[in-house]
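Student: I've got a model up on my screen and I'd like to talk through how it is put together. Can we go step by step?

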Amino acid sequence: MTKTGASLMSRICLLSLLLSALLVCAGILGMARGSSEWEIGAILKSLVRMDAADPVLTGIIWQIRLPRVLLAALVGASLSAGGLVFQALLRNPLAEPYILGISGGAAVGAIIGILLGLAPFPGVSIAAFAGSGAALLLILFMATGKTILKNESLLLSGVMLNAFCSAIIMFLIAITQDAKIHNIMFWLMGDLSMVGLKQVVILAALVIPCFVVVFRYANILNLILLGREMAQTMGVNMRVAGAVLLGVTSFMVSATVSQCGLLGFVGLVVPHFFRRLIGADHRLLVPACLLGGGAYMVLCDMLARALPAQGEMPVGVITAIIGAPLFIYLLKRPDKK
């Protein structure tokens, strides 16, 4: 290994170690804070020695809060990495699954699967993936040609597609006489509450291989940012790379949407934060977005549980409150490219 390669590897390891510690701290804090709060020492005792801890607390931690924290970490990692890939592949700093309508398409597919009575896995997940795939194809078709790299074309296409998906969702809800309707409405705003360890394990099995693929393509993402012609000159097969990255990213997004509904702007906030912090090298950005995005979503979910005096609010409310102003800033920034 060259000196440069060794230096890069040490930076990746150090960054991953620091962000892993941040993720663990966020997870412990997320389990300790909420509608009912517990001492962090009691949380750690329940995690390490279940037989020596308060049985009520142990049940709450292992059956409710730990699965929720793990789900939030997986969702945050998936959406952050998805936003990073879209921004690099489309060479557009405003690209993000929610803004482009990919999440909306996945939501339409997932709701159709739910209303048809399909099992959460694989039925609803497959329906969500089909919806996100259809949305991706439509967005690329609407923004095809020389305008595909322009912010205005992509954003206009995303707004149109989001409006269309929202109309379909409202239509499906309006014609459905089903007791699930209220759960669907809450789910649409981003819901991490209805989850168990089984669902977390399934989601982890679906998205972790995708994380590995994205990391392996990190240097190719660096080359793509230099331009299509330059990347091809450097030996990148753009057709294969684009198909793999778009397919993997759409699969990640659809898997998370099928589990927790629509969560906007996560793929915008986290990549931009780390791009400002550590630079534009995707070999560093990918692990940063995976771990940092997981910590970000855990903290957002903690706020969604802790802020209301009674009950909780959908976590999508928190992510939108944070992300929408950033989107407006990036949209109005004169040096955007």
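Student: How much area does the protein expose, and what share of it do carbon and sulfur atoms supply?

Tutor: Bear in mind that this is a predicted model. The exposed area comes to about 15900 Å². Carbon and sulfur atoms supply part of that, and their share is 70%.

Student: How many helices and how many strands does the protein have?

Tutor: There are no strands to look for here. The secondary structure comes to 0 strands and 15 helices.

Student: What percentage of the residues is buried?

Tutor: To count as buried, a residue needs a relative accessible area under 20%. The protein has 337 residues, and the buried ones make up 52%.

Student: Take contacts between residues at least 6 apart in sequence: what share joins residues at least 24 apart?

Tutor: Here we leave out pairs that sit less than 6 places apart in the chain. Of the contacts that remain, those joining residues at least 24 apart make up 75%.

Student: Which helix gives the largest share of the largest nonpolar core?

Tutor: That core holds 95 residues, and Val-75, Phe-86 and Leu-188 touch the most other members. Val-75 also shows how the chain folds back on itself: leaving aside neighbours within four places in sequence, its contacts are Leu-192, Leu-203, Thr-256, Cys-260 and Leu-263. As for the largest share, it is 17 residues, and they come from helix α3 (residues 55-89).

Student: How many residues are in the other core, the one with Ile-99 and Leu-330?

Tutor: This core lies apart from the largest one. Phe-265 and Phe-327 are among its members too. Its count is 7 residues.

Student: How far apart in sequence are the parts that the pair of Phe-265 and Phe-327 ties together?

Tutor: The protein has 4 aromatic pairs. In this one the rings are tilted, 6.3 Å centre to centre with 50° between the planes. Phe-265 lies in the loop between α12 (238-260) and α13 (266-278) and Phe-327 in helix α15 (residues 315-332), so the parts tied together are 62 residues apart.

Student: Is Phe-265 buried or exposed?

Tutor: The cut-off for buried is under 20% relative accessible area. Phe-265 has 12%, so it counts as buried.

Student: Which residue joins Phe-265 and Phe-327 in a cluster of ring pairs?

Tutor: Phe-327 is buried as well, at 17% relative accessible area. Ring pairs link Phe-265 and Phe-327 into a cluster with one more residue, Tyr-98.

Definitions and conventions. Residues are numbered from 1 along each chain as its sequence is written. This is a predicted model: local features need pLDDT of at least 70, side-chain atom pairs count only at pLDDT 80 or more; totals for chains, interfaces and linings use all residues. Side-chain values use heavy atoms; hydrogens and water are left out. Helices (H or I, at least four residues) and strands (E, at least two) are DSSP runs, numbered from the N terminus. Buried means under 20% relative accessible area, exposed over 50%, partly exposed in between (1.4 Å probe, protein chains only). Contact means heavy atoms within 4.5 Å. Accessible areas come from the Shrake-Rupley method with a 1.4 Å probe; for residues, only the protein chains shown count as cover. Rings of Phe, Tyr and Trp (its six-membered ring) pair if their centres lie within 6.5 Å; planes under 30 degrees apart count as stacked, over 60 as edge-to-face and the rest as tilted. A nonpolar core is a set of buried Ala, Val, Leu, Ile, Met, Phe, Trp, Tyr and Cys residues joined through side-chain atoms within 4.5 Å.
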